[in-house]
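Please consider the model shown below, which is a predicted one. The paragraphs after it lead from single backbone features to helix packing, enclosed space and domains.

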Amino acid sequence: MSLEPFRSSDDYAAAYKASVENPELFWADISSHLKWQKPWDKVLQWDFTKPDINWFVGGKLNITENCLDRHLESRGDHTALIWEANEPKEKAKKYTYRQLHAEVCKFANVLKKNGIVKGDRVCLYMPMIPELAIATLACARIGAIHSVVFAGFSAQSVADRINDSNCKMVVTSDGLNRGAKQMSLKKLVDEALEQTTSVEKVIVFNHLDWDPEMKSGRDLWWHKEMADVSFWCPAEEMDSEDPLFILYTSGSTGKPKGVVHTCGGYSVYAEYSFKNVFQVQKDDIYWCTADIGWITGHTYLLYAPLMSGITTLMFEGVPTYPDAGRFWSVIDKHRVTLFYTAPTAIRALMACGLDHVLSYNLHTLRVLGTVGEPINEEAWHWYNMHVGKERCPIVDTWWQTETGGIMISAIAGLTPSKPSHAGLPLPGIQPVLLNGEGKEIEANNEEGYLAIKFPWPSMIRTTWGDHERCRLTYFSTYKNYYFTGDGAKRDENGLYRIIGRVDDVINVSGHRFGTAEIENAINQNKGVIESAVVGYPHDIKGQGIYAFVICDKLPENQEHVREEIYETVSSQIGRIAKPDKIQFVSGLPKTRSGKIMRRILRKVAEGEISALGDTSTLLDPTVVEEIIAGKL
Ligand code: PRX
């Protein structure tokens, strides 16, 4: 029986109450709507101190049966996936549930034929094409753990991620389209594999007819492998707590960590949160603009909409190609009803004027969503007025790679949607604000550190290969709480407003980077002695990256050294992490014990020079004057 979302604010309130009063009973009921190969024995066992979290203990299921097989009888001919190409003239591709099921089974057989078995790690480094969705689901079909790496990351980043989880296979394509540009992927995979030893096979999808070099014995063409396999593949029986995927994300330390999500809880929460937040109806055509390389693409482009049996749209291109009307033209063309995007995209399109958005018919839209970063009021109102025509509720969804699904958000049309506020927690989610001493702040109209005090099904279980790192990062700052790393404020009605990160993480266009990660990359550059990176407010990206760099001697040609640094960061991490501003300095503000005082650098980058605070404890207070004088 399919899960029906609640349809009134009273239903929401009743569900929330039930979820807190008796979480096990609550989730037992929700989970019963999924297809289980074997029912679970116990709903929840948990201990945040270790952490050791188990949901739906003893249950067996396969998420792809819930995404595909269970719809075949009733909705087999319904469109599951629409693919819109980078070029508007290229015909959109459509897959019914039956066709998608067949493609997934075929590629699952290709994986098996090439030695992939349950538990093996497979790295997917691909453009936004249907084959990425198919490969992801195919891994899940046979119980291989997928590790999708966003195609904007560099060869070095791919190598690091492959090595961290010992991937046995890479699936990629010759190259990708990105607006007017094309970029190679296979070449980067070749480069990455020079630094790895675990990969045995590389499967290459021919997307651009580029004829890349193929290494014999290792590299195989997708189309050739798919030619002679069966379109039926049984769904592997997966334990609720078997890993489903690894997704790397940045934190305050230099090395990205592999967040691990497991099969049972993730499936239950993905479907539940999606259907309720977006108030999904069975004929919805839903478009999430996120790349599958990020958690939003995993949960809300791929898994949740397919579990819900609706049509999900996947877009290869960028919002501004061939012009800034592309999003609106795609909504018009495919009659999109639910639209989910990032504030940075809204701000960028807002800056391009109203003509683009007014040229298209957006009347099919019913719900609008945002994710990834705080949305400023101006962008919220523009989205509401010009895209939603003041008749579509906006859901500002707060969540994280680690939470697996939406945690705090309006329920479209049912619970309050206030500009710049994520809103109320979803049923099953128990957020708290903590003060500096780790005590819960009970009152409203207060600000604090955002933590969660009770487990939810799709929460992070571990960080791949290093459980202690998971404990230290999320479960040790405040005992018995999951710590989010965000600061938040609760208004007089209990609505949460996310203020931003309180750790050394920068959120650039909704993408997370650790300052240490970018500093490590900058420091690889010849002549650089030390650097310090901070975030600063950026009109389009939300936060920009400001780097203070010390070189062995002050560069004569600063532009030249800047270019070199961009190049180094692009090759170490990816072009998405390039600093927006690089200021050369002769020293950094440090305490007598040698610690960089980032607070001061942040204030300088933000232009709040009058609010620097006490600088008398610095080893050399004069560096601050120099830094202020040279501010970009
Ligand atoms: O700071 C919060 C911000 O993005 C962080 C999570 O980043 P990531 O794991 O990459 O996942 C992004 C997509 C789920 C959070 O710690 N963030 C995410 N959504 C919002 C947000 N900040 C404000 N409002 C949001 N709606």
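P51 is found in the loop that runs between β1 (42-47) and β2 (52-57). The peptide bond leading into this proline, from K50 to P51, is cis, with omega near -15°. A second cis bond joins Y321 to P322, and there omega is near 0°. P322 also belongs to a loop, the one between β17 (311-315) and α11 (326-334). A further backbone feature concerns D209, a residue other than glycine whose phi is positive, near 60°. D209 sits in the loop between β11 (201-205) and β12 (219-221). These features deserve notice because most residues other than glycine have a negative phi, and most peptide bonds are trans.

The next subject is the packing of helices. Two packed helices are described by the angle between their axes and the distance between the axes. For helix α2 (residues 23-31) and α9, the angle is about 85° and the axes are 10 Å apart. Angles from 65 to 115 degrees count as roughly perpendicular, and α2 and α9 are therefore roughly perpendicular to each other. On the α2 side the contact is made by F26, W27, I30 and S31, which meet V268, Y269 and Y272 of α9. By class, the residues of this contact comprise six nonpolar, one polar and no charged.

Helix α9 also packs against helix α10 (residues 295-307), at an angle of about 85° and with the axes 9 Å apart. That angle makes α9 roughly perpendicular to α10. From α9, the residues Y266, S267, A270, E271, S273 and F274 take part, and they meet H298, T299, Y300, Y303, A304, P305 and M307 of α10. This contact of α9 with α10 divides into eight nonpolar residues, four polar and one charged.

Where, then, is space enclosed within the model? A search of the whole structure finds one cavity of 30 Å³ or more. The largest cavity holds about 40 Å³ of space. Its lining consists of L3, I30, H33, L34, S267, V268, E271 and Y272. Helix α9 (residues 263-277) gives the most to this lining, with four residues. Several lining residues have already appeared in the helix contacts: I30, V268 and Y272 belong to the contact of α2 with α9, while S267 and E271 belong to that of α9 with α10. The lining of the largest cavity divides into five nonpolar residues, two polar and one charged.

Attention now turns from the cavity to a pocket. The second largest pocket has a volume of about 330 Å³. Of the 19 residues that line this pocket, S2, H71, R75, K275 and S308 lie nearest its centre. Helix α9 appears here again, since α3 (63-75) and α9 each supply at least two residues of the lining. The element that gives the most is α3, with four residues. The lining of this pocket has five nonpolar, seven polar and seven charged residues.

Finally, the chain may be viewed as a whole. It is divided into domain 1 (61-441) and domain 2 (505-629). The C-alpha centres of the two domains lie 32 Å apart. Across the boundary between them, 26 residues of domain 1 are in contact with 22 residues of domain 2.

Notes. Residues numbered from 1 in each chain as written. Predicted model: local features only at pLDDT ≥ 70, side-chain atom pairs only at ≥ 80, totals over all residues. Heavy atoms only, no water. 1 Å grid on protein atoms, 1.4 Å probe; cavity = no way out; pocket = protein on both sides within 12 Å on 5 of 7 lines; lining within 4 Å. Points joined across faces, edges and corners; volume = space filled by probe spheres on them. Nonpolar A, V, L, I, M, F, W, Y, C, P; charged D, E, K, R; others polar. Axes fitted to C-alpha atoms, helices over the stretch in contact; angles between N-to-C directions. Parallel < 35°, antiparallel > 145°, perpendicular 65-115°, else oblique. Contact = heavy atoms within 4.5 Å. Domains from an automatic or database assignment.
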